[in-house]
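Hi,

Here is the structure I promised to pass on. Have a look at it first, and then read my notes underneath.

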Amino acid sequence: MDATSPDKIIVEGFQHFFETADGPVQATGLIDLKIPAAEFVTLVGPSGCGKTTLLKAIAGFITPTRGRIVCDGKTVTGPGRDRGVVFQELAILPWRTVRRNIGHGLEIAGVPKAERERTVARLVALTGLKGFEDRYPHELSGGMRQRVAVARTWAADPDIILMDEPFAAVDAMTRLTLQEELASLTFSTRKTVFFITHSVDEAVFLADRVLVMSKRPGRIKASIEVPRRKAGGRDWESFTTDPEMQAICEQVLRLVRDERMDGAARPGETPDPLKEAS
Amino acid sequence: MSDAKPVRTDTLTWKLLPALPFVALIAGWSIYWLIARPPVGTLPPAWAVTEALWQLAADGELLQNTLASLGRLLLGTTVGVVTGVVGGFLVGLNRRAADFLNPLVVFFNAISGIVWLPLMIGWLGIGTALVVFLIWNTVFFLVFQNTVLGVRLVPPVLEQSVETLGGSRLHIILNVTLPGALPYILSGIRSGLGFGWRALIAAELVGATVGLGQMIFRAAEFHRADIIIAGCLVIGLLGVLMDRYLLAPIEKHTIERWGLVTPSRGI
Amino acid sequence: MTMTAVSAPAAAGAPPRRPSPLASGLLGAGKFLAPFAAVVALWWAIKAGFDLPDRILVSPYQVLVTFWNLLSRGVLADYAATSLYQIGVAVVVSAVVGIPLGFAIGSNAYVARALGLFLRFFQGVSGISWLPLAIIWFGFTDTTVQVIVVYTLVVPVIFNTMLGVRAIPPSYALALRSLGAGTFRVVKDVYLPGALPSIVVGLRLGMGYGWRALIAAEMLIRQGGLGDLIFGARTFGQIDRIICGMIAIGVLYVVVDRLIVQPIENLTVARWGVLRK
Ligand SMILES: Nc1ncnc2c1ncn2[C@@H]1O[C@H](COP(=O)(O)OP(=O)(O)OP(=O)(O)O)[C@@H](O)[C@H]1O
Ligand SMILES: [Mg+2]
């Protein structure tokens, strides 16, 4: 792989099985994927189709059963500072205050305290956590904790940000702000983002490209380009009134919905769980 | 049952209720003693126990024995905690070692503590070394097993998240695994201290020449029931005080502050 | 965190390759015995390496011979039967006394208030501390041992029953009452099954504590039992007998705990879906 390739992340012939007590379980189908630098890619797909598995493989926590993953021209063998992760589960440390959680990555990198404090203060303001800097996570609401997790990853300033449904537990109002901030921030800093969500609106709003996965074992069944974000940012007001955007939303929604229904099942029915498992 | 009406806690009855069984016990004891007049060596009157306690305290015997016991407890528990935590981390972080050692841990845990007394008397002789060994053996397994459990139960995602921030293995062990396992470690230390104290008394009954256990065992030979009861009161009181003023505050300042829950213990 | 790579066929649900039951059984037994083999080897090396006399340490082989002797002459069975009988009686007595008491404390605030401190106080004085007094009262007899063991065993039963009763959401009982159930039915259908897993846990813990107290008491009372066996052997410097007795104590405890008590606990805990690690 030559280092000058425009693709920041390359997933090649990826396929993953989990070893369980009852033998191997296939978590994803065959996946090939290229994400150019500074692209914002969102991934939607039915629950259990393997989204988190793919993300964890890119992060370096899972060694692919088949295929390989290349970031910045280097094959991924483990986690690294260049790829920040916001996990689906809450993953901030209960024994650190908000301030020390957000500054943790900088602390590890040996950034001097004064500079660290400045960065933390900026992110605290950005994520609306002012006044809570010295609280412990259990003293915050669920949404606030998730904002701490997002801020911690941003503070470490990685090139690639991998996010697994980061806003699922955040209240609707804050979510809108965070999404707008994320869109403009990642654009201006030219971050490469891989973002998993269940919300079609969110996926289209944030993305340069939306990927749709089929149900387990999931493959990438569609890739939809979203016209370049103008002037970097987006806002929900213009998004909801933009017919082009709404058309894309509808298209993605249709693709996702198709996945949820088997040929046999009628609309509105949930697929037979036994059938899905086999 | 618990679907009963709410309880009024501001009444005098409610406030005095905890004293009731103690008062009843002492009253029943005194009445029995006044009517039946059992030999003092078998059952002394309640006031004789206070007298014995005073006597023991006055001639320094109580202090000497208490200090001997507490010193052994401190030594045995410290060694037990250090070896238990270190061993627990090594094994908790290493699946293969854990799988290999597990059968041994199960077996030696089943014979931990006092069961070693006969063998160890031969090796270590009667005295502090023997008692300290038995305390260590009791404390070690409680701390070790709790540490292994605690290390295992730290959510992997916490460790992974710090790994993505660039944290080294050592950084993660010290900043994530250790505090994450702390509730279990502390709970192990807490019950270790409780059971170590019990093991100490049992060990001292025959395995020492001074100490609270030896004091009450010798009193049995001389039929001094008053000294035994006084000794038991001191033993119980010290056990409760250590738990309340030594370990409970540590939990309050760490795991409660962090909003983690204390894993429930037997009692 | 790395997952093991699997080279199985790509199709989901492909038949997993697993070893035959016999092979995996043998493997399991080997895995279980290997660490003990290591300990025995170490023991042997120490014995031979330092050339220790038999009154300090006997060889594993000597222990095996003695074990066989004790077993074939029924000596071991005799001592073990005494211990098992004692612990069995103590479990029954503690269940009969402790469970109703635990229910009373768990369900009635006044009883809880009245007895809480009292129980906590006596819990602080371990059973074995009362041994000298019990010797004065009951002499060097089985009764003394029994008293100490029951004292030790009953407290965890009471406390865990109490915790079990307290943990039942009041809405369960209310729901049944609204269906017209009487107190008896509420106790039978809600409190008893709800508290059962916790009661079993209490009995199991109590047995563990009680077993140790039993061995300790038997050592001093010397009226039979495995504690008597090992402490008696001490007087004659029979290290082989002591080690045999220790092995018997360990094995019996593990067997009773793992093969009888834990399955009951798993059954109740699993059936009621109470999560325990
Ligand atoms: N550690 C594991 N061991 C065994 N199977 C696993 C493991 N992790 C995930 N799986 C299985 O792999 C499949 C994909 O899981 P994954 O977590 O990637 O799904 P997902 O798309 O992220 O779902 P969701 O949207 O619900 O988060 C699932 O069927 C899951 O049961
Ligand atoms: Mg997921």
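Below is what I found, starting with the metal site. Keep in mind that this is a predicted model.

The magnesium ion (ligand 2) has two protein donors, OG1 of A:T52 and OE1 of A:Q88, at 1.9 to 2.4 Å. That pair ties together distant parts of chain A: A:T52 belongs to helix α1 (residues 51-59), while A:Q88, 36 residues away, sits in the loop between β6 (83-86) and α2 (98-102). Both side chains come out as partly exposed, A:T52 because its relative accessibility is 26% and A:Q88 because its value is 38%.

Next, cysteines. How many disulfides are there over all chains? The search of the whole structure gives 0. Take A:C71: the closest cysteine sulfur is in A:C49, 20 Å away, so the two are too far apart for a bond. A:C71 is buried, at 3% relative accessibility, and C:C244 is buried too, with a relative accessible area of 0%.

Then the contact between chain B and chain C. About 5,700 Å² is buried there, and carbon and sulfur atoms supply 79% of that area. On the side of chain B that touches chain C, the elements giving two or more residues include α2 (19-36), α9 (169-207) and α11 (225-256) of chain B. Chain B brings 58 residues to the contact and chain C brings 65. As for polar interactions, I get 0 salt bridges between chain B and chain C, but 7 residue pairs in polar contact, both partners at pLDDT 80 or more.

Cheers

Note on methods: Residues are numbered from 1 along each chain as its sequence is written. Chains are lettered from A and ligands numbered from 1 in the order in which they are written. This is a predicted model: local features need pLDDT of at least 70, side-chain atom pairs count only at pLDDT 80 or more; totals for chains, interfaces and linings use all residues. Side-chain values use heavy atoms; hydrogens and water are left out. Donors are N, O and S atoms within 2.8 Å of the metal (3.2 Å for Na, K and Ca); water is not among the atoms, so sites may look incomplete. Helices (H or I, at least four residues) and strands (E, at least two) are DSSP runs, numbered from the N terminus. Buried means under 20% relative accessible area, exposed over 50%, partly exposed in between (1.4 Å probe, protein chains only). A disulfide is a pair of cysteine sulfur atoms within 2.5 Å. Contact means heavy atoms within 4.5 Å. Buried area is the accessible area (1.4 Å probe) that two parts lose on being put together, summed over both. A salt bridge is a side-chain nitrogen of Lys or Arg within 4 Å of a carboxyl oxygen of Asp or Glu. A polar contact is a pair of N or O atoms within 3.5 Å; within protein, one must be able to donate a hydrogen and the other to accept it, and residues adjacent in sequence count only if both atoms are side-chain atoms.
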